[in-house]
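Here's a walk through the empty space in a protein model, with a look at the domains around it. Have the viewer open while you read.

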Amino acid sequence: MTIPSHHRMVIDGEDVEALAGDRFSRTSPAHDTVVTSYPRADADDVDRAARAARRAFDEGPWPKLAAVDRSRVLLRVAALIRRDAAALARLEVLESGKPIDQALGEVATAAELWDYAAALARHAHGDAHNTLGEDVLAMVLREPVGVVAMITPWNFPLLIVSQKLPFALAVGCTAIVKPSELTPGTTVALAGLLREAGLPDGVVNVVTGAGGIGSAMTCHDAVDMVSFTGSTEVGRAVASAAGQRLKKAELELGGKNPQIVCADADLDAALDAVVFGVYFNAGECCNSGSRVLVDRRIAADFQAAVIRRSKEVPVGDPLDPATRIGAITSQEQLDTIERYVAEGTAAGASLALGGSRLPTPTGRFYHPTVFTDVRREMSIAREEIFGPVLSMLTFSSLDEAVSIANDTVYGLSAGIWTSDVNAALTASRTLRAGTIWVNRWMDGYPELPFGGFGASGLGRELGRHAIGEFTETKTVQLQVGPRTTRWLTDPVAG
Ligand code: NAD
């Protein structure tokens, strides 16, 4: 790829510029050079894309194909993602600032999702009821919901679109996709791979631009459903616009995810997971383990170990395979991190490590940062920071730990480190979050549903649940034999 590379949007199978002819560019957050440019879509481009998706849905062939044929296309996409893994990962690094080894991992996981959705396509059948009486047989059909608007954030661009798109395609939906304006590259590249895999024109349309076009997508009459991943604040606006128009909405939003470390845990494993949990993707991760709750009896030693280990994490050029923390993706995000660090210090938490930018010649990088003496009412204990900033709290009983863990509007994920099976089971039952990890952290599998409680979202992605999200349920009742009852003349029952 020559830099900067110029890309176009994909609407109705064609590579197109915005109707108004405007473009925008993306500068690498690590290298301060312009790396890519894209058409700047407006509502007219959204209209064109939404109509194309509508036509592709209403006129077919995609929704009418046998599932096995849709499945074959999805399998080809998975293979093409693997073929282009190196280029996709590099594009992701240049636009997002994430380390190359993490970008390669993200691309590999995305391919797995396309594989899994291909298998799921063939299981999106409905149900039959043969037990309702001699004169009736009923079928429950799953039908594609229609045109899905997908709006995605900048932190895991290819992964997150792959948590939505292959599942919607598997059941026969068509789509209009808007990646974040900070990281459109891999989503636009994916549209090219879809064409190469044989997806019919208009089934997936990709528009590029800022949040306003996300809003135009949500409100467009041709769109039946919105699937959104991003901040809770924008998620609320999306849900409310969708609600006004009675469109289905599925939302994956923010998190303030606690890891509870008990005194009887394998502390070395917990230490590694704490460091991984908060610094993975520079903490720009909805599942970031940004709150750690430690048993008071071991808190001093464990916190000291976390600080020591945090100092060893390599921060720097994301193209260097040794790097573990890359650049902060946007200036806005860096400002947010700096604001929260100032708030934590002002509220009386102890800044035990970091708390400042790295003095690098290019880009924006932030030191691994650890706060101790954090209290549950502080903003750094309750709100999503989305940066490499860890808030450490203490507890003296499991009840107290769970109470602190649940004391937030979010409920995306939570975890416990313990060798006591009863503590693990109690925490699994009482922690209010969509995913609970016991003696592990942040693994995901295509088979397992993912989503949040409360302000972390609505609905679930992945697993068999995805079929439910992207389909409507239709009940069909069939009379078997002649209809012998007569409403007007038969005695009223009872
Ligand atoms: P964001 O909400 O600012 O933007 C997300 C997307 O929405 C972007 O494409 C943006 O252009 C678009 N958008 C902005 N305003 C819009 C509007 N009014 N209507 C429709 N679309 C609009 O989020 P971000 O800063 O890109 O991403 C970070 C956030 O995403 C964090 O809060 C993080 O927790 C969340 N996130 C959640 C998950 C999850 O699965 N739960 C995964 C990744 C990220």
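What follows covers the domains, then the pockets, the cavities and the cysteines.

This is a predicted model, so keep in mind that local features are held to a pLDDT of at least 70.

**Two domains**

The domain assignment splits the chain into domain 1, which is made of 5-253 + 456-476, and domain 2, which covers 258-438. Taken over C-alpha atoms, their centres sit 31 Å apart. Where they meet, 24 residues of domain 1 touch 28 residues of domain 2.

**Open space: the pockets**

Where does the largest pocket lie? Domain 1 and domain 2 both supply lining residues, so the largest pocket lies between the two. Its volume comes out at about 1,200 Å³. The wall is built from 41 residues, and W154, G230, S231, E233 and V234 are the ones nearest the centre. Four elements put two or more residues into that wall: α7 (211-219), β11 (225-229), α8 (232-244) and α11 (331-346). Of these, α8 has the largest share, with 7 residues. Sorted by class, the lining has 17 nonpolar, 15 polar and 9 charged residues.

Next comes the second largest pocket, at about 800 Å³. L159, N287, M442, D443 and G444 are closest to its centre, out of 33 lining residues. Here the elements that give two or more residues are α4 (100-121), α5 (157-170) and β19 (435-438). Helix α4 is the top contributor to this lining, with 6 residues. The class split for the second largest pocket is 19 nonpolar, 8 polar and 6 charged. Both domains take part here too: domain 1 and domain 2 each give at least three residues to the lining.

**Closed space: the cavities**

If you're thinking about enclosed voids, how many cavities of 30 Å³ or more are there? The count is 4.

The largest cavity holds about 80 Å³ of space. V10, G13, A191, L194, R195, L199, P200, D201, G202 and V204 line this void. Helix α6 (residues 185-196) gives the most to that lining, with 3 residues. By class, the lining of the largest cavity is 6 nonpolar, 2 polar and 2 charged.

The second largest cavity holds about 70 Å³. There are 15 residues around it, and P258, A405, Y410, G411 and R432 lie nearest the centre. Its lining divides into 7 nonpolar, 5 polar and 3 charged residues.

Here are the four spaces side by side.

| Space | Volume | Lining by class |
|---|---|---|
| Largest pocket | about 1,200 Å³ | 17 nonpolar, 15 polar, 9 charged residues |
| Second largest pocket | about 800 Å³ | 19 nonpolar, 8 polar, 6 charged residues |
| Largest cavity | about 80 Å³ | 6 nonpolar, 2 polar, 2 charged residues |
| Second largest cavity | about 70 Å³ | 7 nonpolar, 5 polar, 3 charged residues |

**Cysteines**

How many disulfides does the structure hold? The tally is 0. Take C285: the nearest cysteine sulfur belongs to C286 and is 5.4 Å away, and C285 is in no disulfide. The cut-off for a disulfide is a pair of cysteine sulfur atoms within 2.5 Å. Is C285 buried or exposed? Its relative accessibility is 4%, so C285 counts as buried.

Note on methods. Residues are numbered from 1 along each chain as its sequence is written. This is a predicted model: local features need pLDDT of at least 70, side-chain atom pairs count only at pLDDT 80 or more; totals for chains, interfaces and linings use all residues. Side-chain values use heavy atoms; hydrogens and water are left out. On a 1 Å grid over the protein atoms alone, a cavity is a set of points where a 1.4 Å probe fits but cannot get out, and a pocket is an open set with protein on both sides within 12 Å along at least five of seven lines; lining residues have an atom within 4 Å of a point. Grid points are joined across faces, edges and corners, and a volume is the space filled by probe spheres set on the points. Ala, Val, Leu, Ile, Met, Phe, Trp, Tyr, Cys and Pro count as nonpolar, Asp, Glu, Lys and Arg as charged, and the others, Gly among them, as polar. Buried means under 20% relative accessible area, exposed over 50%, partly exposed in between (1.4 Å probe, protein chains only). Domain bounds come from an automatic or database domain assignment. Contact means heavy atoms within 4.5 Å.
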